[in-house]
Amino acid sequence: MALILPFTDTTCDRVLPDVRQVLDAHGVLALPTETYYGLAVRPTDETALRRLIELKGRPSDKPILVLIGSLDQLPQLVQATPPAAALLMEQFWPGPLTIVFPAAPDLPALLTAGTGTIGVRQAPLLQLQHLLRHTGPLTGTSANRSSEPPLDNAVAVQRALGAGVDLILDGGHTPGGLPSTMVDARDRPHLLRAGALSTDLIRAALARQGYELSS
């Protein structure tokens, strides 16, 4: 069974050594996000990515999104920041919006699924932001097996994934609800997934700068 440690504003620094130890050993973490629990590995660690994909039973042709704690972590993940992406970042980050960028060329194909793109979100959860500033970017795919519903508490994650996860950071029950909204902002902004952030808000923000959101 996975080790479970409390993860709050006051315990965040305390768990950092355990988190680093797991990541250094190519391990898999489960942690709370603004919606559900996610599975976190280093996005450049191919051994950990393979473990993550196997644990979820995830198709290898499906890209894995990445969470960042601050904007200065973005350049290591993306090849460029298109103007529409910059606009959406300014308006809606940190927040439940995953933006698809051109991927940095040296990212593992296991992460991008060979698409040449990378989905990134700046986490709005404060203790998660703090953690990510210390660990660097981590994956944020939902903590469940593919085709099963997402999970909103640490005990449910342990019950579902068991020893496949090395460490679970327990931030209590997460709000659940819709997943993050996802927009491909490379050329013509394109809605890939409706979600927690209103599509109408995104469309209006883009329209003010002359962009049209297609779907």
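**Loops, salt bridges and the largest pocket**

Q: Between which two elements is the loop in which histidine 26 is found?
A: The model is predicted, and in it the phi of histidine 26 is near 60 degrees, a positive value in a residue other than glycine. Most residues other than glycine have a negative phi. Histidine 26 is found in the loop between α1 (12-24) and β2 (29-32).

Q: Is histidine 26 buried, partly exposed or exposed?
A: A residue counts as buried under 20% relative accessible area and as exposed over 50%. Because its relative accessible area is 36%, histidine 26 falls into the class of partly exposed.

Q: What is the phi of alanine 113, which is not a glycine?
A: Alanine 113 has its place in the loop between α4 (109-112) and β6 (117-122). The sign of its phi is positive, although alanine 113 is not a glycine. The value of that phi is about 55 degrees.

Q: Is the peptide bond from tryptophan 93 to proline 94 cis or trans?
A: Proline 94 is found in the loop between α3 (83-92) and β5 (97-102). Most peptide bonds are trans. The bond from tryptophan 93 to proline 94, however, has an omega near -10 degrees, and is therefore assigned as cis.

Q: How many residues apart in sequence are the parts that arginine 121 and glutamate 34 tie together?
A: Arginine 121 forms a salt bridge with glutamate 34, and their closest N and O atoms are 2.8 Å apart. Arginine 121 belongs to strand β6, while glutamate 34 lies in the loop between β2 and β3, so the parts that this pair ties together are separated in sequence by 87 residues.

Q: Are arginine 121 and glutamate 34 buried or exposed?
A: The cut-off for a buried residue is under 20% relative accessible area. Arginine 121 meets it with a relative accessible area of 4%. Glutamate 34, at 15% relative accessibility, also counts as buried.

Q: Which helix holds arginine 51, the partner of aspartate 166?
A: The side chains of arginine 51 and aspartate 166 meet in a salt bridge, at 2.9 Å from N to O. Aspartate 166 lies in the loop between α6 (154-161) and β9 (167-170), so the pair ties together parts 115 residues apart in sequence, and the helix that holds arginine 51 is α2 (residues 46-56).

Q: Which residue meets aspartate 184 in a salt bridge, and what is its accessibility class?
A: Aspartate 184 is itself buried, with a relative accessible area of 11%. The side chain that meets aspartate 184 in a salt bridge, at 2.8 Å from N to O, is that of arginine 186. With a relative accessible area of 35%, arginine 186 is partly exposed.

Q: Which element supplies the largest share of the lining of the largest pocket?
A: About 630 Å³ of space lies in the largest pocket. Of the 32 residues that line this pocket, the closest to its centre are Arg58, Leu65, Thr141, Met182 and Arg193. Strands β3 (37-40), β6, β8 (141-142), β10 (181-184) and β11 (190-193) each supply at least two lining residues. The largest share, four residues, comes from β6.

Q: How many charged residues does the lining of the largest pocket have?
A: By class, the lining is divided among nonpolar, polar and charged residues. There are 12 nonpolar and 12 polar residues, and the number of charged residues is eight.

Q: Which residues does serine 214 touch, not counting residues up to four places away in sequence?
A: Serine 214 has its place in the segment after α7 (199-207), and at 32% relative accessibility it counts as partly exposed. The residues that serine 214 touches, beyond those up to four places away in sequence, are Pro189, His190 and Leu191.

Key
Residues are numbered from 1 along each chain as its sequence is written. This is a predicted model: local features need pLDDT of at least 70, side-chain atom pairs count only at pLDDT 80 or more; totals for chains, interfaces and linings use all residues. Side-chain values use heavy atoms; hydrogens and water are left out. Buried means under 20% relative accessible area, exposed over 50%, partly exposed in between (1.4 Å probe, protein chains only). Contact means heavy atoms within 4.5 Å. On a 1 Å grid over the protein atoms alone, a cavity is a set of points where a 1.4 Å probe fits but cannot get out, and a pocket is an open set with protein on both sides within 12 Å along at least five of seven lines; lining residues have an atom within 4 Å of a point. Grid points are joined across faces, edges and corners, and a volume is the space filled by probe spheres set on the points. Ala, Val, Leu, Ile, Met, Phe, Trp, Tyr, Cys and Pro count as nonpolar, Asp, Glu, Lys and Arg as charged, and the others, Gly among them, as polar. A salt bridge is a side-chain nitrogen of Lys or Arg within 4 Å of a carboxyl oxygen of Asp or Glu.
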